[in-house]
Amino acid sequence: MTDKEAKQVEVDKKYLRMAGIWAENSYCKRRKVGALLVKDQMIISDGYNGTPSGFENICEDEHNVTKPYVLHAEANAITKVAASSNNSKGATIYITSSPCIECAKLIIQSGISRVVFSDNYRTPEGYDLLLRAGIQTDFIDLNDSQRWTTN
């Protein structure tokens, strides 16, 4: 690994740790996920999984199943930047978990060029779709020096 690559991994780890701290804002009990959108070395948006604005902050039903209207962290970050004067074209999204297929579609359509995550979602379809779209996708183990890059 070159010095430049090693420095990028350290920056990536910092943003992933920040996304992890942001995930703590989630009211979801089953899984807390955080996301940060970074462009030109500046955080332009953030998100965590939870209910839409104005809804009760309860993510799971009485059977501990996630309610269908709960938004994922990536969707919250992307829609937040869409409502601002900024845009996500060419940005990197740091997520504590790899995206589901629905969030992968949002990532592709929003022009995000790189996805960095530190944990796997329960199904690989989102990850596979990002690869198919040619989006650079990096897994970084925060407890190790391992990094896997695709594309």
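Q: Why is Asn64 called partly exposed?
A: In this predicted model, Asn64 has a relative accessibility of 42%. The partly exposed class runs between the buried limit of under 20% and the exposed limit of over 50%, so Asn64, at 42%, counts as partly exposed.

Q: What makes the phi of Asn64 worth a look, and where is this residue?
A: Its phi is near 65 degrees, a positive value, and Asn64 is a residue other than glycine. You will find Asn64 in the loop between β2 and α2.

Q: Which class does Asp40 belong to, buried or exposed, and how do you know?
A: Asp40 has a relative accessible area of 69%. Exposed means over 50%, so with 69% Asp40 is exposed. Asp40 sits in the loop between β1 and β2, and here too phi is positive, about 55 degrees, although Asp40 is not a glycine.

Q: Why is the pair Arg31 and Asp119 called a salt bridge?
A: The N to O distance between their side chains is 2.6 Å. The cut-off is a Lys or Arg side-chain nitrogen within 4 Å of an Asp or Glu carboxyl oxygen, so the 2.6 Å between Arg31 and Asp119 qualifies.

Q: What makes the pair Arg31 and Asp119 a tie between separate parts of the chain?
A: Arg31 lies in the loop between α1 and β1, while Asp119 lies in the loop between β4 and α4, so the bridge joins parts 88 residues apart in sequence. As for exposure, Arg31 has a relative accessible area of 30% and is partly exposed; Asp119, with 38%, is partly exposed as well.

Q: How do you know that Glu56 and Lys67 form a salt bridge?
A: Their closest N and O atoms are 3.0 Å apart, and the limit is 4 Å, so the pair passes the test. Glu56 and Lys67 are both placed in the loop between β2 and α2, 11 residues apart.

Q: Which class, buried or partly exposed, does each partner take, Glu56 and Lys67?
A: Lys67 has 18% relative accessibility, so it counts as buried, the limit being under 20%. Glu56, at 35%, counts as partly exposed.

Q: What separates Lys105 and Glu102 along the chain?
A: Lys105 and Glu102 are three residues apart in helix α3, which means that about one helical turn lies between them. Their side chains meet in a salt bridge, 3.0 Å from N to O. Lys105 is partly exposed at 38%, and Glu102 is partly exposed at 48%.

Q: How many salt bridges are there in the whole structure, and which residues form a network?
A: The search finds six salt bridges. Asp12, Arg114 and Asp138 are linked in a network.

Q: What makes a group of residues a nonpolar core, and how many residues has the largest one here?
A: The members must be buried nonpolar residues joined through side-chain atoms within 4.5 Å. The largest such core has 19 residues, and Leu37, Ile93, Ile95, Ile107 and Val115 have the most contacts inside it. At least two residues each come from β1, α2, β3, α3 and β4, and the largest share, four residues, comes from α2. A second, separate core of eight residues includes Tyr15, Ala19, Val38 and Tyr94.

Q: Which residues does Leu37 touch, leaving aside its neighbours within four places in sequence?
A: Among them are Ile43, Ala77, Ile78, Val81, Ile93 and Ile112.

Notes. Residues numbered from 1 in each chain as written. Predicted model: local features only at pLDDT ≥ 70, side-chain atom pairs only at ≥ 80, totals over all residues. Heavy atoms only, no water. Buried < 20%, exposed > 50% of the residue type's maximum accessible area, 1.4 Å probe, protein only. Contact = heavy atoms within 4.5 Å.
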